[in-house]
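Student: Could you take me through the sheet in this one, strand by strand? I'd like a close look at who sits across from whom, and then at how the rest of the chain fits around that part.

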Amino acid sequence: MTVVCAWCQRQGLRTVLREKEPLDWPVVSHGICEEHAKAFLAEVREGKTAGLPLDRRGS
Ligand SMILES: [Zn+2]
């Protein structure tokens, strides 16, 4: 199976991170490439990442 970067895929790119056994299995799994991992971590540190319940108020 092939592991591709989900962030790259969202941008229409296809960055293959690695091939995992079984190699002839036509399944795509998702990971994150080094470049997007850095960008993602930077966003998390700045609290900019949408989708994380960081500013849930009133509970
Ligand atoms: Zn990527």
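Tutor: Start with V4, which stands opposite H30 in β3. Keep in mind as you look that this is a predicted model. The V4 and H30 pair belongs to the match between strand β1 (residues 2-5) and β3, where four bridges join the two strands and the run is parallel. Step back to V3 and you find S29 as its bridge partner in β3.

Now look at V3 from the side of β2. There its bridge partner is R18, so V3 is a handy residue to keep selected: β3 offers it S29, and β2 offers it R18. The pairing of β1 with β2 is antiparallel and runs over three bridges. Put the two pairings together and you get an open sheet of three strands, in the order β2-β1-β3, with mixed pairing. The edge strands are β2 (16-19) and β3 (28-31), each of which pairs on one side only. From one strand to the next, the twist averages 30°. As background, strands of a sheet pair through backbone hydrogen bonds, either parallel or antiparallel.

Let's stay with those two partners of V3 for a moment. S29 lies in strand β3 and is partly exposed, because 13 other C-beta atoms fall within 10 Å, above the 12 or fewer that would make it exposed and short of the 20 needed for buried. Leaving aside neighbours within four places in sequence, S29 is in contact with M1, V3 and K20. You can also check S29 against C5: the two are 24 residues apart in sequence, and their C-alpha atoms are 8.6 Å apart in space.

R18, over in strand β2, counts as exposed, with 10 C-beta neighbours inside 10 Å. R18 and C5 are 13 residues apart in sequence, with 9.7 Å from C-alpha to C-alpha.

Next, the start of the chain. M1 sits in the segment before β1 and, with 14 C-beta neighbours inside 10 Å, counts as partly exposed. Setting aside residues within four places in sequence, the contacts of M1 are K20, P22, W25, V27, V28 and S29. For W25, the C-alpha atoms are separated by 5.0 Å, although M1 and W25 are 24 residues apart along the chain.

P22, one of those contacts of M1, takes us into the loop between β2 and β3. Check the backbone here: the peptide bond from E21 to P22 is cis, with omega near -5°. L23 is in that loop between β2 and β3 too. L23 is exposed, with 8 other C-beta atoms within 10 Å. Its C-alpha is separated by 7.7 Å from that of T2, 21 residues away along the chain.

What about the rest? The chain has two helices and three strands, following the pattern β-α-β-β-α along the sequence. Helix α2 (residues 34-46) has 13 residues and reaches 18 Å from its first C-alpha to its last, close to the 18 Å expected at 1.5 Å a residue. None of those 13 residues is buried, so α2 lies largely in the open. Just after α2, G47 takes a positive phi of about 70°. For context on the backbone points, most residues other than glycine have a negative phi, and most peptide bonds are trans.

Finally, two figures for the chain as a whole. Buried residues make up 2% of the 59 residues. Of the contacts between residues at least 6 apart in sequence, 46% join residues at least 24 apart. If you want one place to begin turning the model, pick V3, with R18 as its partner in β2 and S29 as its partner in β3.

Methods:
Residues numbered from 1 in each chain as written. Predicted model: local features only at pLDDT ≥ 70, side-chain atom pairs only at ≥ 80, totals over all residues. Expected span 1.5 Å × (residues − 1). Pairing = 2+ DSSP bridges. Axes fitted to C-alpha atoms, helices over the stretch in contact; angles between N-to-C directions. Contact = placed C-beta atoms within 7 Å.
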